[in-house]
Amino acid sequence: MTIKVTVWGENVHEKTNKVVARIYPDGMHNCIAEGLNEDKAITATSVTLQDKEHGLTEEKLENTDVLIWWGHAAHGDVSDEIVDRVQQRVLEGMGLLVLHSGHYAKIFKRLMGTTCSLKWREAGERERLWVVNPGHPIVQGVGDYIELPHTEMYGEPFAVPNPDEVIFISAFEGGEVFRSGLVYRRGNGKIFYFRPGHETYPIYYDDKVKRVLKNAVKWSQPEGSRWIDSCPCVPADQAPNPIEVKGEGLHQAGEEGFK
C-alpha cells in the first residue's frame, strides 16, 4: 500500500498575486502533490482553505497518513474546530510536515506551545541549506547542501521549542542563519518543519526540495498502532495487583473524570 498524503494549501496568493499565479498556475498545493506523486510509494492529493471544512473532514483525515501544511496570509481563517481535529490525528500518529510560513499556522503554534516568531526579509537573496545531520532519513540523496538562488530570508531567533533534532541550517546571502529543518514528536505523531517555500519563487519545482519532501513523508508516516488518548479510570477491582480501597474518594463508581 502507498503512503496517503494530503497537501493542505491556503490557496490565497495564487488568486490574488500575479507573480504567484504565474509561477504556480495550478496552485502551490497541486505542485507539491505532483512532486510527491513522482514516487510510486506515495499517493498525494490536495485540499484548500476554501473547501468545505477546509478540506479536512473527519473522513479525509482518517484516510491521511501524512498531512502537509502551507499557509501564509489567512492563518486566522482556519477554524479552531479543524485545528482540534488535526491535533488529535497527529497525537494518534499522523505525520505532519509544516512548510515555510506555516510556522505561524494555528496547528503548528498549538503543537509547539510558543509564538513561533522569527526575523525575515524579502530580497530575493541566495540561501544555502546545509545538511547538519547527514545520517537522518530526511536528507538521503540530498548531498551536503541545497542551494536556492532566490528566496526569502528567515533569521534567528526562531521562537520554537528545542527540537528533537536539527536537520538543516540555512546561511543567507545577507549574513543571517536559520534552523531550517526541525523534527519533533508529539504524542505518537512525527512533525517536520521545513523552511523553504516562499511563494514568489519556484522553490517547489527544485529537485532537491522535492527529494526532502518525499523523504520526510516516508519518515513521518505512522508507525505502530494508533494511540488513543482516552484517560480512562481503572477500577480498583481491575488493578494489575489486588488492592483494597481505602478512605473516601471524589468520584462515584462509573463517573467520568474532570478534563
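How much space lies in the largest pocket? In this predicted model, about 430 Å³ of space lies there, and the pocket is lined by 21 residues, of which C233, H251, Q252, G254 and E255 lie nearest its centre. The second largest pocket holds about 160 Å³ of space, and its lining is made up of H72, H75, S101, H103, Y104, L118, W120, E152 and Y154. The table sets out the two pockets by the classes of their lining residues.

| Pocket | Nonpolar lining residues | Polar lining residues | Charged lining residues |
|---|---|---|---|
| Largest pocket | 10 residues | 6 residues | 5 residues |
| Second largest pocket | 4 residues | 4 residues | 1 residue |

**The nonpolar cores**

In soluble globular proteins, nonpolar side chains tend to be buried together. In this model the largest nonpolar core has 39 residues, and those that touch the most other members are V5, L36, F168, F192, F194 and Y204. Helix α7, which spans residues 207-220, supplies the largest share of this core, with 6 residues. A second, separate core has 33 residues, among them W69, V78, L111 and C116.

Y204, one of the members of the largest core with the most such neighbours, can be followed further through its contacts. When its neighbours within four places in sequence are left aside, Y204 is in contact with residues including Y24, M28, C31, I32, W70 and L99, and its partners also include H100, P196, G197, V209, K210 and L213.

**Helix α3 and what covers it**

Three of the contacts just named, M28, C31 and I32, are also among the buried residues of helix α3, together with H29, A33, G35 and L36. This helix, residues 28-36, is mostly covered, since 7 of its 9 residues are buried. The elements covering these buried residues include the strands β1 (3-9), β2 (42-48), β3 (66-70) and β4 (95-99), as well as the helices α1 (13-16) and α7.

**A buried arginine**

R195 lies in the loop between β9 (189-194) and α7. Is R195 buried or exposed? R195 counts as buried because its relative accessible area is 0%, which falls under the 20% cut-off. The side chain of R195 makes a polar contact with the side chain of T151, at 2.9 Å. Apart from neighbours within four places in sequence, the residues in contact with R195 are H100, E127, T151, E152, M153, Y154, S170, F172, F178 and S180. Of these, E152 and Y154 also belong to the lining of the second largest pocket, while H100 is also a contact of Y204.

Note on methods:
Residues are numbered from 1 along each chain as its sequence is written. This is a predicted model: local features need pLDDT of at least 70, side-chain atom pairs count only at pLDDT 80 or more; totals for chains, interfaces and linings use all residues. Side-chain values use heavy atoms; hydrogens and water are left out. A nonpolar core is a set of buried Ala, Val, Leu, Ile, Met, Phe, Trp, Tyr and Cys residues joined through side-chain atoms within 4.5 Å. Buried means under 20% relative accessible area, exposed over 50%, partly exposed in between (1.4 Å probe, protein chains only). Helices (H or I, at least four residues) and strands (E, at least two) are DSSP runs, numbered from the N terminus. Contact means heavy atoms within 4.5 Å. A polar contact is a pair of N or O atoms within 3.5 Å; within protein, one must be able to donate a hydrogen and the other to accept it, and residues adjacent in sequence count only if both atoms are side-chain atoms. On a 1 Å grid over the protein atoms alone, a cavity is a set of points where a 1.4 Å probe fits but cannot get out, and a pocket is an open set with protein on both sides within 12 Å along at least five of seven lines; lining residues have an atom within 4 Å of a point. Grid points are joined across faces, edges and corners, and a volume is the space filled by probe spheres set on the points. Ala, Val, Leu, Ile, Met, Phe, Trp, Tyr, Cys and Pro count as nonpolar, Asp, Glu, Lys and Arg as charged, and the others, Gly among them, as polar.
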